[in-house]
Amino acid sequence: QVQLVESGGGLVQAGGSLRLSCQASGSIFRVNAMGWYRQAPGKQRDWVASITSGGSTNYADSVKGRFTIARDNAKNTVYLQMNSLKPEDTADYYCKAEVVSTARVTYNYWGQGTQVTVSS
C-alpha cells in the first residue's frame, strides 16, 4: 500500500507565496513522475506542473514563471513553490505520483488534497 500526504496549504494575500509538499510512503520500489493538479470549486481538476525522476519539469501556461516544482528522490517528496499568487490560483491542490510498488506493480496514486486560498 502507498500513501501520498500533502501539506503546506493555507490562506495568503495576492502577491504572496506558499510552498506545498507531498511525500509518498509505503511499499515503494521506485517513484517515477510526480505532479501537481488543482481543482477550483465547481470546476474540473487541471494539471499544474510535473517532474520526472530525472528532474525534467513542465508547467501549465497559467503558472509558468510563478510556480516551481522540485523533488527530493531520497525522501520520495515533491514540492510546489508558488510565488506571486493570484486570486485565480485559489483551489484544492492535489499531488499525483506514478509509483512502482515492491511487488513491481505500477500505479498512479493521489494525495488527499490541500486547500490554497488567495485573497485579493
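When I say two strands pair, I mean that DSSP finds at least two bridges between them. Keep that in mind, since most of what I'll show you is about who sits across from whom. Also, this is a predicted model, and every value here is computed from it.

Okay, let's start with a pair. β1 and β3 run antiparallel, and six bridges join them. Two of the matches are easy to find on screen. Gln3 has Ser25 in β3 as its bridge partner, and Val5 has Gln23, also in β3.

Now move along to the next neighbour. β3 is also joined to β8, again antiparallel and again through six bridges. If you want a spot to click on there, try Ser21, which stands opposite Tyr79 in β8.

Put those together and you get a sheet. It's an open one with four strands, in the order β1-β3-β8-β7, and the pairing is antiparallel. So what stands at the edges? That's β1 and β7. Each of them has a single partner strand, so one side of each is left without a neighbour in the sheet. From one strand to the next, the twist averages 15°.

While we're around β7 and β8, look at the loop between them, where you'll find Asn76. Its phi is near 50°, which is a positive value in a residue other than glycine. That's worth a pause, because most residues other than glycine have a negative phi. Is Asn76 buried or exposed? Neither, really: at 22% relative accessibility, Asn76 counts as partly exposed, because buried would mean under 20%.

Next stop, β9, which runs from 91 to 101. I'd spend some time on this strand, since a lot of pairings involve it.

First partner: β4, covering 28-39. Nine bridges join β4 to β9, and the two run antiparallel. Tyr37 and Tyr94 make one of those matches, with Tyr94 on the β9 side.

Second partner: β11, at 114-119. Here β9 pairs in the antiparallel sense over three bridges. Tyr93 has Thr114 in β11 as its bridge partner.

Third partner: β10, at 106-110. Five bridges join β9 to β10, antiparallel once more, and Val99 stands opposite Tyr107 in β10. These two strands form a hairpin with four residues between them. In that turn sits Arg104, with a positive phi of about 65°. Unlike a buried residue, Arg104 is exposed, with a relative accessible area of 51%.

And how covered is β9 itself? Mostly: eight of its 11 residues are buried. Asp92, which is in β9 too, is partly exposed at 28% relative accessible area. Asp92 also has a neighbour from elsewhere in the sequence. Its C-alpha atom is separated by 8.2 Å from that of Pro41, and the two residues are 51 residues apart along the chain.

All right, on to the inside. As a general point, in soluble globular proteins nonpolar side chains tend to be buried together. Here, the largest nonpolar core has 31 residues, and Trp36, Leu80, Met82 and Tyr93 touch the most other members. Eight strands each supply at least two residues of this core, among them β1, β3, β7 and β8, the four from our open sheet. β4, β5, β9 and β11 do so as well. Which strand gives the largest share? It's β9, with five residues. And you've met Tyr93 already: the one with Thr114 as its bridge partner is also in that group of four.

Last thing: the largest pocket. Its volume is about 150 Å³. Thirteen residues line it, and the ones nearest its centre are Arg38, Ala40, Lys43, Asp46 and Glu88. Where does the lining come from? β4 and β5 are the elements that give two or more residues, and the largest share, three residues, comes from β5. As for character, the lining residues divide into five nonpolar, four polar and four charged.

So, if you're opening this for the first time, here's a route. Begin with the open sheet, β1-β3-β8-β7. Then go to β9 and follow it into the hairpin with β10. From there, look for Trp36, Leu80, Met82 and Tyr93 in the core, and finish at the pocket, with Arg38 and Asp46 among the residues nearest its centre.

Terms used. Residues are numbered from 1 along each chain as its sequence is written. This is a predicted model: local features need pLDDT of at least 70, side-chain atom pairs count only at pLDDT 80 or more; totals for chains, interfaces and linings use all residues. Side-chain values use heavy atoms; hydrogens and water are left out. A nonpolar core is a set of buried Ala, Val, Leu, Ile, Met, Phe, Trp, Tyr and Cys residues joined through side-chain atoms within 4.5 Å. Buried means under 20% relative accessible area, exposed over 50%, partly exposed in between (1.4 Å probe, protein chains only). On a 1 Å grid over the protein atoms alone, a cavity is a set of points where a 1.4 Å probe fits but cannot get out, and a pocket is an open set with protein on both sides within 12 Å along at least five of seven lines; lining residues have an atom within 4 Å of a point. Grid points are joined across faces, edges and corners, and a volume is the space filled by probe spheres set on the points. Ala, Val, Leu, Ile, Met, Phe, Trp, Tyr, Cys and Pro count as nonpolar, Asp, Glu, Lys and Arg as charged, and the others, Gly among them, as polar. Axes are lines fitted to C-alpha atoms, for helices over the stretch in contact, and angles run from 0 to 180 degrees between N-to-C directions.
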